[in-house]
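Here are a few exercises to work through with the model open in your viewer. Try each task before you read its solution.

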Amino acid sequence: MARILIVLTSHATLGTTGKPTGFFYEELAAPYYAFVDAGHAVEIASIVGGAPPADPSSLDADEAKRPAAVRRLLADAAAMDALARTAPIDAIDPVAYDAVFLPGGHGTMWDFPQSAALARAVSAIYARAGVVGAVCHGPAGLVGATRPDGHPLVEGLRVNGFTDAEEAAVGLTDVVPFLLESRLVAQGARFEKAGAFEPFAVRDGRLVTGQNPMSSEPAAALMLEALAEARAAA
């Protein structure tokens with residue numbers, strides 16, 4: 001059994017638009033249950049702790065149209081209680097975890113890159129032969145992470161995330177503080193992608209990244225694969 005940390009954004013507003021944002025429910029729920037159902041222990045943290053804000057657009061008003069994992073999460077009293085009482089990332093000891101996963105939601109674009117504690121946690125888990133994963137805008141939490149030699153964690157690795165074309169398609173190119181695909185490429189990542197809003201995830205060793213909400217399940221599956229290999233090699 002591995003111990004997996006999921007970290008969520010605490011940022012609730014979409015730049016200067018006044019519109020709400022936060023984490024994206026599917027990007028939390030699908031990996032959460034993939035990990036739990038595989039027998040792993042999962043804990044949820046956030047940048048500042050407490051109840052992290054959810055992007056309202058990630059909950060369809062028609063409950064029947066919500067992804068099954070999201071419906072399961074909302075009906076899971078223990079999981080929802082854990083979600084309401086997340087630990088702040090600066091109180092987390094990364095040595096205690098075998099893996100870290102970063103769900104997206106546009107909120108991550110503001111507070112993930114600014115969190116030195118998140119950068120330290122991701123860097124430490126990766127340096128200790130742990131698995132690092134992220135989906136959609138979650139890879140914003142990789143831009144501050146480094147390897148022990150000081151180079152960007154993503155440098156030279158195959159990665160993925162919400163693309164510049166997808167950001168343009170949702171009309172937020174000029175709202176987000178930077179374009180995620182462009183930033184990862186600038187750090188030396190080998191960015192791979194599918195068409196806009198198509199499910200796609202990539203694994204390069206112990207780094208797993210997915211492109212958009214629909215990529216949450218494929219990314220979780222690759223996380224489990226990477227975890228199994230890492231534990232077999234330990």
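**Exercise 1. The edge of the sheet**

Find which residue of strand 9 is the bridge partner of Arg-203, then place that pair in the sheet.

Solution.
- Step 1: Keep in mind that this is a predicted model. The partner of Arg-203 in strand 9 is Val-208.
- Step 2: Look at the two strands around that pair. Strand 8 and strand 9 (residues 207-210) are antiparallel, with 4 bridges between them.
- Step 3: Zoom out. The sheet is open, has 7 strands with mixed pairing, and follows the order 3-2-1-4-5-9-8.
- Step 4: Check the ends of that order. Strand 3 (87-88) and strand 8 (201-204) are the edge strands, each pairing on one side only.

**Exercise 2. Through the middle with Phe-101**

Work out which residues stand opposite Phe-101 in the sheet, and which way its side chain points relative to the others in strand 4.

Solution.
- Step 1: Go to strand 1 (3-8). Ile-6 is the residue opposite Phe-101, and strand 1 pairs with strand 4 in the parallel sense over 3 bridges.
- Step 2: Now turn to strand 5 (131-135). Gly-133 stands opposite Phe-101 there, and strands 4 and 5 run parallel, joined by 4 bridges.
- Step 3: Recall the general pattern: side chains in a regular strand alternate between the two faces of the sheet.
- Step 4: Apply that to strand 4. Ala-99 and Phe-101 point one way, Val-100 and Leu-102 point the other, and all are buried.

**Exercise 3. What covers the sheet?**

Describe how helix 5 and helix 8 lie on the strands.

Solution.
- Step 1: Start with helix 5 (residues 116-127), which lies across strand 1, strand 4 (99-102), strand 5 and strand 9 and runs at about 135 degrees to strand 4.
- Step 2: Move on to helix 8. This one packs on the sheet too, touching strands 1, 4, 5, 8 and 9, and its direction makes about 15 degrees with that of strand 8.
- Step 3: Check the geometry of helix 5. Its 12 residues reach 16 Å from first C-alpha to last, close to the 16 Å expected at 1.5 Å a residue.
- Step 4: Pick out its buried residues: Ala-117, Leu-118, Ala-119, Ala-121, Val-122, Ser-123, Ile-125 and Tyr-126. The buried residues of helix 5 pack against strands 1, 4, 5 and 9.
- Step 5: Follow the chain out of the helix. Ala-129 comes after helix 5 and has a positive phi, near 70 degrees.

**Exercise 4. Two helices side by side**

Give the geometry of the packing between helix 1 and helix 8, then list the residues that make the contact.

Solution.
- Step 1: Two packed helices are described by the angle and the distance between their axes.
- Step 2: For helix 1 (residues 25-37) and helix 8 (residues 216-233), the axes come within 9 Å and cross at roughly 35 degrees. The crossing is right-handed.
- Step 3: Glu-26, Glu-27, Ala-30, Pro-31, Ala-34 and Phe-35 make the contact from helix 1, and Ser-216, Glu-217, Ala-220, Met-223 and Leu-224 make it from helix 8.
- Step 4: Sort that contact by class, and you get 7 nonpolar, 1 polar and 3 charged residues.
- Step 5: Helix 1 is mostly covered, with 10 of its 13 residues buried. Among them are Glu-26, Glu-27, Ala-30, Pro-31 and Phe-35.

**Exercise 5. Two buried residues**

Decide whether Val-132 is buried or exposed, do likewise for Ile-89, and find what each one touches.

Solution.
- Step 1: Val-132 lies in strand 5. It counts as buried because its relative accessibility is 0%, and the cut-off is under 20%.
- Step 2: Leaving aside neighbours within four places in sequence, Val-132 has contacts that include Val-100, Val-122, Tyr-126, Val-208 and Met-223.
- Step 3: Val-132 and Met-223 are 91 residues apart along the chain, yet their C-alpha atoms are separated by 7.9 Å.
- Step 4: Ile-89 sits in the loop between strand 3 and strand 4. With a relative accessible area of 3%, Ile-89 is buried.
- Step 5: Beyond four places in sequence, Ile-89 touches residues including Leu-5, Val-7, Ala-117, Leu-118 and Ala-121.

Note on methods. Residues numbered from 1 in each chain as written. Predicted model: local features only at pLDDT ≥ 70, side-chain atom pairs only at ≥ 80, totals over all residues. Heavy atoms only, no water. Axes fitted to C-alpha atoms, helices over the stretch in contact; angles between N-to-C directions. Left-handed = near helix turned anticlockwise from the far one by under 90°. Contact = heavy atoms within 4.5 Å. Nonpolar A, V, L, I, M, F, W, Y, C, P; charged D, E, K, R; others polar. Pairing = 2+ DSSP bridges. Expected span 1.5 Å × (residues − 1). Buried < 20%, exposed > 50% of the residue type's maximum accessible area, 1.4 Å probe, protein only.
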